[in-house]
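User: I am new to this structure and would like a guided tour. Please explain each term as we go.

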Amino acid sequence: MQFPTASGFQLEGDMKARRIVVAMSGGVDSSVVAGLAAATGAETIGITLQLYDHGAAVKRAGSCCAGQDIRDARAVADRLGIAHYVFDHESRFRESVVDRFADEYMAGRTPIPCIQCNMGVKFTDLLQMARDLGADCLATGHYVRRVMGSTGRAELHRAHDPARDQSYFLFATTDEQMDFLRFPLGDLPKPQVRSLAQDMGLIVAAKPDSQDICFVPDGDYAAVVRKVRPDADTGGEIVHVDGRVLGEHKGLIHYTIGQRKGLEIGGQPVPLYVIKLDAATRRVIVGPRAALATRAAEIVDMNWIGGSYDGPMQAKVRSLARPAPVTIEGSGANRRLVFLQPEYGVAPGQAAVLYAGDRVLGGGWIASTEPVEASLAA
């Protein structure tokens, strides 16, 4: 197979005079990026961050940045003949990602630890390491595209393969980071990436993709939160939006906005959904699907990528949601996002990511929501 050219790294001049640092998690995507970087003739250095206890994860494949994955990254580097370094970032990861994940659930919000990891441990810390090593860029295996805009600024765009697009998780990337980051896989479909890995003779060519939240075994979020915050299982009332107490729950950490199953309050005339999590009263507020309809949301800590934009835009309020037409009001870091049509399942703690077609304009964190029917704002 013909490898993609050095243009995927968007570096000018003689590639043999260039130095590329690759963030290597031990998976097939970042391993192929390392192979593509080495194939350009540039000096290539792989860096892996150990993000949580090696002993606890040593036998877990596909966990990302621990145990077997670190060994796989090293084996790939040896195969490619490139330098490879492992740095222990367990404490930093625990404080900035895992602890925050638990605290967000305790506060009745729905966290997205992958974004926090990208904002801190990966893009901030790794980027600084790459600069300290004298690199010309930091390349990652994310499925997004870096496109130079008409103003000369780097823009973030969706991946060519919509099934692999990871742009939602990178909305907080700054312009300064975009100048230094490269995403060589953004134009490639996943099957081609695996074929490249096989052609390169990499042992990870058929390795399964890692789970979305690397530190949550078997998807048991509550178990992780309990380990970090032992008082997380304090129960409370399940209350209908009309004020009726319908039952008891075992802790806010077991519920998310829009959840229908697992409420254990049968005998209701219509299906009920989680509408709100009230951390102050430890109440789970439930109601009919209509009560989930949101007309607007308060967005905080806004980040804009690639310069100003004045035109139609869409927003995704969950990673798998369809982009919805929106307008945005206000100025500064905090804004009001208005949906042109009612949006369902908008949860505080999640991100609202703004798009103009394939371009990622930026986004912010959902702090609160406004229901379509004010009478349902329990």
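Analyst: Buried means under 20% relative accessible area, exposed over 50%, and partly exposed in between, with a 1.4 Å probe and protein chains only. This is a predicted model, in which local features need pLDDT of at least 70, side-chain atom pairs count only at pLDDT 80 or more, and totals for chains, interfaces and linings use all residues. Residues are numbered from 1 along each chain as its sequence is written, and side-chain values use heavy atoms, with hydrogens and water left out.

User: How many helices and strands does the protein chain have?

Analyst: Helices (H or I, at least four residues) and strands (E, at least two) are DSSP runs, numbered from the N terminus. By that rule the protein chain comes to eight helices and 17 strands.

User: What share of the protein chain counts as buried?

Analyst: The protein chain has 378 residues. Judged by relative accessible area, the buried share is 52%.

User: Of the contacts between residues at least 6 apart in sequence, what share joins residues at least 24 apart?

Analyst: Contact means heavy atoms within 4.5 Å. Among contacts in the protein chain between residues at least 6 apart in sequence, the share joining residues at least 24 apart is 66%.

User: In what order do the strands of the five-stranded open sheet lie?

Analyst: Two strands pair if DSSP finds at least two bridges between them. In this open sheet the pairing is parallel. Strand 3 (83–88) and strand 7 (181–182) each have a single partner strand, so they stand at the edges. The order is 3-2-1-4-7.

User: Which residue in strand 4 stands opposite Val21?

Analyst: Strand 1 and strand 4 run parallel and are joined by three bridges. Opposite Val21 in strand 4 stands Leu138.

User: Is helix 1 largely enclosed or largely open?

Analyst: Helix 1 lies across strand 1, strand 2 and strand 4. Elements covering its buried residues include helix 3 (68–80) and helix 7 (190–199). Ten of the twelve residues of helix 1 are buried, among them Val28 and Leu36, so helix 1 is largely enclosed.

User: At what angle does helix 1 run to strand 1?

Analyst: Axes are lines fitted to C-alpha atoms, for helices over the stretch in contact, and angles run from 0 to 180 degrees between N-to-C directions. On that scale, helix 1 runs to strand 1 at about 170°.

User: How far apart are the end C-alpha atoms of helix 1?

Analyst: The expected span of a helix is 1.5 Å times one less than its number of residues. Helix 1 covers residues 28–39, twelve residues in total, so it should span 16 Å. The model agrees, since the end C-alpha atoms are apart by 16 Å.

User: Which residue with positive phi follows helix 1?

Analyst: Its phi is near 95°. The residue is Gly41.

User: Which residues that are not glycine have a positive phi, including one before strand 1?

Analyst: One lies in the segment before strand 1 (19–23). Gln10 has a phi of about 50° and is partly exposed at 31% relative accessible area. Another lies in the loop between strand 10 (273–278) and strand 11 (283–287). With a phi of about 60° and a relative accessible area of 26%, that one is Arg282.

User: How many aromatic pairs are there?

Analyst: Rings of Phe, Tyr and Trp (its six-membered ring) pair if their centres lie within 6.5 Å; planes under 30 degrees apart count as stacked, over 60 as edge-to-face and the rest as tilted. By that rule the aromatic pairs number two.

User: What is the angle between the planes of Tyr168 and Phe169?

Analyst: Tyr168 is buried, at 2% relative accessibility. The pair is edge-to-face, with 5.5 Å centre to centre. The angle between the planes is 90°.

User: How many residues apart are Phe171 and Trp365?

Analyst: Phe171 and Trp365 form an edge-to-face pair, 5.5 Å centre to centre with 75° between the planes. Phe171 is in the loop between strand 6 (154–158) and helix 6 (175–180), and Trp365 is in strand 17 (residues 359–371). Phe171 is buried at 1%, and Trp365 is buried at 10%. In residues apart, the number is 194.

User: Over which ring does the charged end of Arg158 sit?

Analyst: A charge sits over a ring if NZ of Lys or CZ of Arg is within 6 Å of the ring centre and within 35 degrees of the ring normal. For Arg158 the distance from the centre is 4.0 Å. The ring belongs to Tyr355.
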